[in-house]
Amino acid sequence: MKVADLTLTIYEGMPCFPVKWYIKPKFDDILHVDNDPSGSHRYASQALLFNHGGTHLDSPKHFNYFDAKKTIDLVPVDTLVNDTIWVHLEKKDLEPITADDLIKGTEGIAVKGKNLLATTGYTDTRWGTDNYFQASPYLGVDAAEWIVKEGIKMVAIDFQTDKPGDAAFPVHNTLLSHEVYILEYINNVHELLDKKFPREFILSVGVLKLKGCEAATARVFAIEK
């Protein structure tokens, strides 16, 4: 059985979206070998995380759809663990992924009710560079509309969802308003390529079950069927 971990590692000092309200991760050892009152040389730590940091899943509450009631703790389990179609594309900086790209990439495969993983290798090669957030390929609005029309449950990507700088967020709005969940910052696509994964496999998304939240960090695995 082939398994690939598609998750970014979260660490202090990691790249963060360049806005003031974006909280940076911080880890602290509350209990450690020098202060363990039992003398049992234990570690117990706390982590300050931002729900949109690293590999994470967006629910419709992120943009206040469905009266903010479709929260991250209520994502259907058959969306979190689901048959997934993988489309890998060669894209330049700031080049959109189009509906035609996805139609060609899924040719001959039924997509309704499944998840879609669209990759370019962008995060693998550009994570941590100065212009990572500004130069990314992105989903075109026509691609988002095709995803909705085809009945796909979740779209996972290794590039920016919307065109960098587009404050209207048309792709987020198109997808989330139709309860298509968005899994952002997929990483380690080279593992899928190196291990010669098929076009269809199971994607397992272990998202934190945070009551009432709009998004949460996730550990993501591709599993060959």
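**Exercise 1. Pro-164 and its contacts**

Task: In this predicted model, find which residues Pro-164 is in contact with, leaving aside its neighbours within four places in sequence.

Solution:
- Step 1. Locate the residue: Pro-164 lies in the loop between S9 and H5.
- Step 2. List the partners: Leu-94, Phe-133, Gln-134, Ser-136 and Tyr-138 are in contact with Pro-164 once its neighbours within four places in sequence are set aside.
- Step 3. Classify the exposure. The relative accessible area of Pro-164 is 21%. Buried means under 20% and exposed over 50%, so Pro-164 counts as partly exposed.

**Exercise 2. Thr-71**

Task: Decide whether Thr-71 is buried or exposed, and state which residues are in contact with it beyond four places in sequence.

Solution:
- Step 1. Thr-71 sits in the loop between S4 and H1.
- Step 2. Its relative accessible area is 7%. The cut-off for buried is under 20%, so Thr-71 is buried.
- Step 3. Apart from neighbours within four places in sequence, Thr-71 is in contact with Ser-59, Lys-61, Gly-212 and Cys-213.

**Exercise 3. Positive phi outside glycine**

Task: For His-41 and Phe-66, give the phi angle, then the loop that holds each residue and its exposure.

Solution:
- Step 1. His-41 is not a glycine, yet its phi is positive, at about 45°. The residue is in the loop between strand S2 (26-31) and strand S3 (44-48).
- Step 2. With a relative accessible area of 63%, His-41 is exposed.
- Step 3. Phe-66, also not a glycine, has a positive phi of about 55°. Its loop runs between strand S4 (56-58) and helix H1 (77-80).
- Step 4. Phe-66 is partly exposed, at a relative accessible area of 36%.
- Step 5. To relate His-41 to Exercise 1, take the C-alpha to C-alpha distance: His-41 and Pro-164 are 47 Å apart in space and 123 residues apart in sequence.

**Exercise 4. The buried side of H4**

Task: Which residues of helix H4 (residues 141-149) are buried, and why are they on the same side of H4?

Solution:
- Step 1. The buried residues of H4 are Ala-143, Ala-144, Trp-146 and Ile-147.
- Step 2. These residues lie on the same side of H4 because they cover an arc of only 160° around the axis.
- Step 3. The general rule behind this spacing: an α-helix has 3.6 residues a turn, so residues three or four places apart point the same way.
- Step 4. Find the cover. The elements over the buried residues of H4 include the strands S6 (96-97), S7 (115-119), S8 (138-139) and S9 (154-157). Helices H2 (99-105) and H5 (170-176) also belong to this cover.
- Step 5. Inspect the end of the helix: Gly-151, just after H4, takes a positive phi of about 75°.

**Exercise 5. The whole chain**

Task: What radius of gyration would a compact globule of 225 residues have, and what is the value for the protein?

Solution:
- Step 1. For 225 residues, a compact globule would have a radius of gyration near 17 Å. The protein has 18 Å, which agrees.
- Step 2. Add the dimensions: along the principal axes, the C-alpha atoms fill a box of roughly 60 × 40 × 35 Å.
- Step 3. Count the elements: the protein has six helices and twelve strands.
- Step 4. Check burial: 48% of the 225 residues count as buried.
- Step 5. Check the range of contacts. Of those between residues at least 6 apart in sequence, 74% join residues at least 24 apart.
- Step 6. Examine the surface: about 11200 Å² is exposed, and carbon and sulfur atoms supply 54% of it.
- Step 7. Compare the charges: the mean positions of the 24 positive and 32 negative charges are 3 Å apart.

Terms used
Residues are numbered from 1 along each chain as its sequence is written. This is a predicted model: local features need pLDDT of at least 70, side-chain atom pairs count only at pLDDT 80 or more; totals for chains, interfaces and linings use all residues. Side-chain values use heavy atoms; hydrogens and water are left out. Buried means under 20% relative accessible area, exposed over 50%, partly exposed in between (1.4 Å probe, protein chains only). Helices (H or I, at least four residues) and strands (E, at least two) are DSSP runs, numbered from the N terminus. The arc is that of the directions from the helix axis to the C-beta atoms. Contact means heavy atoms within 4.5 Å. The radius of gyration is taken over C-alpha atoms; the globule rule is 2.2 Å times the number of residues to the power 0.38. Accessible areas come from the Shrake-Rupley method with a 1.4 Å probe; for residues, only the protein chains shown count as cover. Lys and Arg count as positive and Asp and Glu as negative; His and the chain ends are not counted. The place of a charge is taken as NZ of Lys, CZ of Arg, CG of Asp or CD of Glu.
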